[in-house]
Each structure stands twice: as C-alpha cells, then as structure tokens.
Amino acid sequence: MTVDTIVYEKGNAYTTIALMNEGRVKEIEIIDNAKAAEGNIYLGKITRKIDLANGRHGYMVDIKDGKDAFFNADEYGMGDTEYNEGQSIVVQVTQERRAEKGAKVVRSLQFVGTYLVYCPFRMNIDASSRIGSFEKIKELKTLVQNNVQGQEGWVIRTAAADAAPDELAEEMVELRKIYDVVRAKARSETAPCLLYAKGSPLFEYMSNNALTLNKVVVNTRNMEEAIKNEFDGDFEIEVKNSPLKEMGVDEAIGEAMEKEVRLKCGGRVFIEETKAFVAIDVDTGDDHGAGSISHVNEEAAVEIARQIRLRNLSGKIIIDFAGSSEYRYMKPVLEILDRELAKDSTRAHVIGLSRGGNVEVVRVRRRPSLSDILSVECPTCHGTGRVEA
C-alpha cells in the first residue's frame, strides 16, 4: 500500500493517525490514551487461574488497564509454568482491550526497532518474506548471527534490506539496552506497573513508508520538533489546528462507521460486526446492465480490502459475494481480494470458498476496530439495531 501523507492529531482522550495516498484515506489508527497499548510491557499481578479446554489453563493478570488481561499458560516456546495468585509477572500486550474483553498478553517479549525485532526468549533468526531475495536474506541472517550474544532471537524486518551493516549492529546493541532497563525495573518496581511504553506509532508509520512519504500533518509544534529530531527525510511537515477535519479524515471516519458502502458501479457492500465474526454482503444494487455481476464482485473485492484496513476489522470475516458461488466464477474475485489484502501491514489470509459459498478471511487482531473504540452497544436493542413492529 502506497502512502504519501500521514495525518496525526493528539487529543486528551484519543490520538489519531491516518495514512493517505492521493488525497484518499487508506488506513486509520485511533489510540485510546487511557488503554494499555499493543507492544507495552507491564509488571502484572496474577489475579486468578482459568481452566481452558483439553486440560490447558491460563491466567488473568492485573496490568492497571481497567480490566484484567489474559495470557495462555501454554504459550509457544515458554513452557507451562504454574503461577500463584498475587505473584508478579512480566508480560507484553499483543491485543488491546476492546468492548467487554480485556487485553491479551504474552510472556515472550519482543522489542521492535527500525530494522530488527529483538526476541530475548527465542533462539532462532527469522526474516521478513517481503525482502524477496533469498541471497539478501541469507546475507542479513549471517550478519545478525555474527553479532548474536548468548541465547537470543531476532527477526529481520523488510527495512533491513536497505540498511548498512553498522546500522544493524548498532540497533542490536540499542534493543538489548532497552531489555536490560526493563529487567532492572521489574526487579525494583511493585506490580502492577508499566515497565516499557512502545515508541510513538507515528514514527513507526513514517519509517515503514519512508520511500513514498511526501508530507506529515500534525497538530502540535512539539510533535513537529520531535519529527525533525528523529528524521532527516525529504518530506514536508505541516502544522494545522484541526488536521483531521482539514484533511478530510473526520469525514472518512464517519463513512467508516456506516454499515453501507456504495460502489461506483452502483453495487453496494453491507458490513456488520458481530461478537463472533464480521459479516460482509455484496449486493448488485442499481447495477442493471451497466456491468456484469463479475464486475460488481471484482470492484467490491477491492473496496472490501480497503474497508477491512480502514475499519481495522479482524478475526473471522465472512463475505457473501453477489451471484453464483461456483469456484470457476469466484476464482478471479478471490485472486483480487488476496492481492489487495497482501498490501495490508496487518497479516490477513484468504482461506477460500466455503461449502456454503461464502469467502472466508482471517485477519490478525491487534487493536480494536473503529466501531469498538468510537461506539458502545445500545442498552435498549443490545446491538440488534432494530425496533419492534
């Protein structure tokens, strides 16, 4: 996904970041400043043990987030350790609190840098598949391996492909220092407390889109100075009093809260978030003779991928496209949907066509959706959105 403009507005309750290209909003992240953010590390306190299926168990842990967080004791690579109520434990947020559900946390920590991700509890070196070249991946893995100290793991990010060897080595040192600070604080602080707050997400978005970024619009002079101190890129920084309104982001957010999305061809897409999954229905609408059902579905596939990013829809997503659900007709639509979702920074997988003729998609859940953040369930209809006849 190409991004030429990033809009940033920090308020008392929320911080909003919008990614735009050619004047159109592509992705929106709204951060609740009162919640534990994904990537933050806490010294938590065990509140109770939870029995799960097949003899497994997990724990609820207080991280001062309004609701207790949950972690699975059967976490991959960490062993099944028993904890007692009141015991302190270092955990990292992988999914933020949403609606009635508390955050999800893990014990296996990760420290994300510009080029690398430091994983103290792992033993292997992985690389982003987006680097592409097998020879380049092999070269980078060798470089990281030569700088490994003891038992530690690393993930090589896509940006590392354009970095100098010295930059990678220096970042390895810096990420280890952050981990050392976290360990020292964990030994001296009283649970529950914050040990490490992830850096500004704005900086991460800027780093990820550095090659195409032309402008950053912010609402404070302090952030303008922070950007200048952190980056030396060839882009413009503009300060506006209300960047979300002036750049059209507020309007895009309003549209993303609607259930109906109109297509240029006259078709319509209906999006409904439920507790179990997200249901998406494609309707030909007013497209009578202007184009085939295949054309409607193909345009809808592009728009659905955009709406998934824009609304931050995640978990199970079930799509009912218009017309016949036979694979021979749906194959081009599935290919378009898969291609568009591949541009998403959050991993999404098109599982395929179900026996019932619906397209199934699974997208990693890290943050709440826009509707989770900006709305609450109606106490009268309890989310049905309907009234008695």
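Here is a short tour of one sheet, the helices that lie on it, and a surface patch. Keep in mind that you're looking at a predicted model.

**Stop 1: the sheet.** Select the six strands of the open sheet and colour them in the order β16-β17-β18-β19-β21-β20; the pairing is mixed. Now look at the edges, where you'll find β16 (260-262) and β20. Each of these has a single partner strand, so one side of each has no neighbour in the sheet. Look along the sheet and you can follow its turn: neighbouring strands are rotated by 20° against each other on average, ignoring direction.

**Stop 2: the hairpin.** Zoom in on residues 348-353, which form β20, and residues 359-363, which form β21. The two strands pair in the antiparallel sense, over five bridges. Which residue in β21 is the bridge partner of His 349? Pick Val 362 and you have it. Next, show Leu 353, and opposite it in β21 you'll see Val 359. Between the strands of this hairpin there are five residues, and Gly 357 is the place to check the backbone: its phi is positive, near 90°. While the side chains are on, recall that in a regular strand they alternate between the two faces of the sheet.

**Stop 3: the helices on the sheet.** Bring up helix α7, residues 293-311. It lies across β16, β17 (268-273), β18 (278-283), β19 (315-320) and β21, and runs at about 150° to β18. Then add helix α8, residues 327-341, which also packs on the sheet. Helix α8 touches β19, β20 and β21, and its direction makes about 175° with that of β20.

**Stop 4: a glutamine in α7.** Stay with helix α7 and select Gln 307. Is Gln 307 buried or exposed? Its relative accessibility is 5%, so it counts as buried, the cut-off being under 20%. To see what is around Gln 307, show Val 261, Ile 271, Asn 312 and Leu 313: these are its contacts once neighbours within four places in sequence are left aside.

**Stop 5: out to the surface.** Finally, switch on a surface and select Tyr 14, Met 257 and Leu 374, which make a nonpolar patch of about 230 Å². Leu 374 is found in helix α9, residues 370-374. With a relative accessible area of 36%, Leu 374 is partly exposed, because that value falls between the 20% and 50% cut-offs.

Notes
Residues numbered from 1 in each chain as written. Predicted model: local features only at pLDDT ≥ 70, side-chain atom pairs only at ≥ 80, totals over all residues. Heavy atoms only, no water. Pairing = 2+ DSSP bridges. Helix = DSSP H or I, 4+ residues; strand = E, 2+ residues; numbered from the N terminus. Patch = residues over 30% accessible without salt bridge, like charges linked within 9 Å, V, L, I, M, F, W, Y side chains within 5 Å. Areas by Shrake-Rupley, 256 points an atom, 1.4 Å probe, with all protein chains shown as cover. Salt bridge = Lys/Arg side-chain N within 4 Å of Asp/Glu carboxyl O. Buried < 20%, exposed > 50% of the residue type's maximum accessible area, 1.4 Å probe, protein only. Axes fitted to C-alpha atoms, helices over the stretch in contact; angles between N-to-C directions. Contact = heavy atoms within 4.5 Å.
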